[in-house]
Amino acid sequence: MNTNDVQTIARQSRAASRQLGSAPEAMRNLALAKMAEALESVKQQVLEVNAQEIVKARDEGQPDAMVKRLTIDDKTFNYMLSRLKKVAQLPDPLNRILTGHTNPAGLRVYKKSVPLGVIGIIYESRPNVTTDAAGVCIKSGNAVILRGGSEALQTNAILTDAMIAGAVAAGLPQHAIQIIRTPGHEAVGELLKMDDYIDVLIPRGGKGLIKRIAEGTRIPVIKHYDGICHLYIAVDADPEQAIALAVNSKCQSVQVCNALETLLVDQHCAEQLLPLLHEAFIANNIELRGCEATQRLLPNVQAATEEDWHSEYLAPILSVKVVDGIQQAIDHINHYGSGHTDGIVTQSLSMARQFEEQVDSASVMINASTRLSGGGDYGLGSVVGISTDKLHVRGPVGPDELTTYKWVAYGDGHLRG
């Protein structure tokens, strides 16, 4: 794909965004419903093509975790549809009056929510990002340019073509949803130069991809680097609840960004809890790597290195550290964490509040699994990622997070004195 092709797509998206931004809520919601209908009509084709791409990925020696992320089965497909339908049911993120007043001279001033404009999504492996991103962008009145990985090129193309047909049937512009269909890095490189047309880029994938995007463009980037998530088991934690939360946080799906990577256990309950935790993790085939205090209580556990505290494993490995109280736990999290999701297990409201106030993360979980941090459980429906930045958004990126605002002033011939 040459420069002109990418520029044409970007220019078309900019033009579409002007129309889409003023499309009424009813039209955008109708588009989401018709996009879901169109996807249902191509379900069998999607499953067949995806199966072929899975075989190809395995033949090329792709790791199991990547193949799993690539796979669409009946359950995944239905989940993708349900997220589109859920996002349609959310309140309209546009044209909300965020603040306003009438000044002493009678000038009426207010601030209202508006779309960002054109969103570029660059992602790897996960075809569900195709539908999630399109749904969130249409709901929030943004045109979207999709660039998925070459390993899911045909699957993504079929999904996108169906959604384009649904959106157009509802009256939205032809280029509200677009996809770059060529493999290779050249098209991505050209996309990064389109700062005249694209307002925000959102990369979804490994740290290497995100770093390349962020360092290779002048376009603002909403990024999510590591998900080094912690759970601190406080001295007063209910043992049964603590074990259940730790196991769910780590084992429910080890390869995702909100899976637990480091477990912190208060030294005053470690002797009681660590053997029980060890047993539970062994039953789930999780390898533990522990600090010296952990090793004294669990002699068969491998020693944790400094690198382990910095690691997002995305694998059946968990680092464990015994800490001397809540402040040491908080200090460890703020030093080694990635600002994604961190939690505490405690029966103390004061400790919960201290943890909430002092842990510098996008999501703080109190007596809840780290796996609950995300769009679905936060009531956002689809999201286009989880931001570990603080600007422009933080945490799950749903329709509200893909808006900005404008100031509007209504006068009656008002002049500056």
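Me: Which strands and helices do the buried residues of H14 pack against?
Reply: This is a predicted model, so treat it as such. In it, the buried residues of H14 pack against two helices, H13 (306–309) and H15 (349–358). The strands on the list are S7 (229–233), S8 (260–266), S11 (317–323) and S12 (341–345).

Me: And which residues of helix H14 are buried?
Reply: The helix covers residues 326–336. Its buried residues are Ile326, Ala329, Ile330, His332, Ile333 and Tyr336.

Me: Why do the buried residues of H14 line one face of the helix?
Reply: Look down the axis of H14 and check where the buried residues point. They line one face because they fall within an arc of 160°.

Me: Let's go to Ser363: is it buried or exposed?
Reply: Ser363 lies in strand S13, residues 363–366. Buried means under 20% relative accessible area. Ser363 has 5% relative accessibility, so it counts as buried.

Me: Which residue's side chain has a polar contact of 2.8 Å with the side chain of Ser363?
Reply: Leave aside the neighbours within four places in sequence, and Ser363 is in contact with His340, Thr341, Asp342, Ser373 and Tyr378. The side chain joined to that of Ser363 by the 2.8 Å polar contact belongs to Tyr378.

Me: How are the rings of Tyr110 and Tyr410 arranged, at what angle of their planes?
Reply: A search of the whole structure finds one aromatic pair. The ring centres of Tyr110 and Tyr410 are 6.3 Å apart, and planes under 30 degrees apart count as stacked. The pair is therefore stacked, with the planes at 15°.

Me: How many residues apart in sequence are the parts that Tyr110 and Tyr410 tie together?
Reply: Tyr110 lies in strand S2 (residues 108–115), while Tyr410 lies in strand S16 (residues 403–410). Tyr410 counts as partly exposed, at 44% relative accessibility. The parts that the pair ties together are apart in sequence by 300 residues.

Me: Which ring does the charged end of Lys111 sit over?
Reply: Another lysine, Lys321, lies over the face of Trp309, at 5.6 Å from the ring centre. For Lys111, the charged end is 4.3 Å from the centre of the ring it sits over, and that ring belongs to Tyr405.

Me: Now salt bridges: which helices hold Asp132 and Arg83?
Reply: A search of the whole structure finds 16 salt bridges. In one of them the side chains of Asp132 and Arg83 meet at 2.9 Å, N to O, and both residues are buried. The pair ties together parts that are 49 residues apart in sequence, with Asp132 in H6 (residues 128–139) and Arg83 in H5 (residues 74–89).

Me: Which residue does Asp360 form a salt bridge with?
Reply: Asp360 sits in the loop between H15 and S13, and its partner is in the loop between S14 (386–387) and S15 (395–396), 30 residues apart. Asp360 counts as partly exposed at 40% relative accessibility, whereas the partner counts as exposed at 53%. The closest N and O atoms are 3.0 Å apart, and the partner is Lys390.

Me: Which residues do salt bridges that share partners join into one network?
Reply: Start with Arg289 and Glu287, whose closest N and O atoms are 2.8 Å apart in a salt bridge. Arg289 counts as buried at 18% relative accessibility, and Glu287 is partly exposed with 31%. The network joins Glu287, Arg289 and Asp308.

Terms used
Residues numbered from 1 in each chain as written. Predicted model: local features only at pLDDT ≥ 70, side-chain atom pairs only at ≥ 80, totals over all residues. Heavy atoms only, no water. Buried < 20%, exposed > 50% of the residue type's maximum accessible area, 1.4 Å probe, protein only. Helix = DSSP H or I, 4+ residues; strand = E, 2+ residues; numbered from the N terminus. Arc of directions from axis to C-beta. Contact = heavy atoms within 4.5 Å. Polar contact = N/O pair within 3.5 Å; in protein donor to acceptor, adjacent residues only side chain to side chain. Phe/Tyr/Trp six-rings, centres within 6.5 Å; stacked < 30°, edge-to-face > 60°. Lys NZ or Arg CZ within 6 Å of the ring centre and 35° of its normal. Salt bridge = Lys/Arg side-chain N within 4 Å of Asp/Glu carboxyl O.
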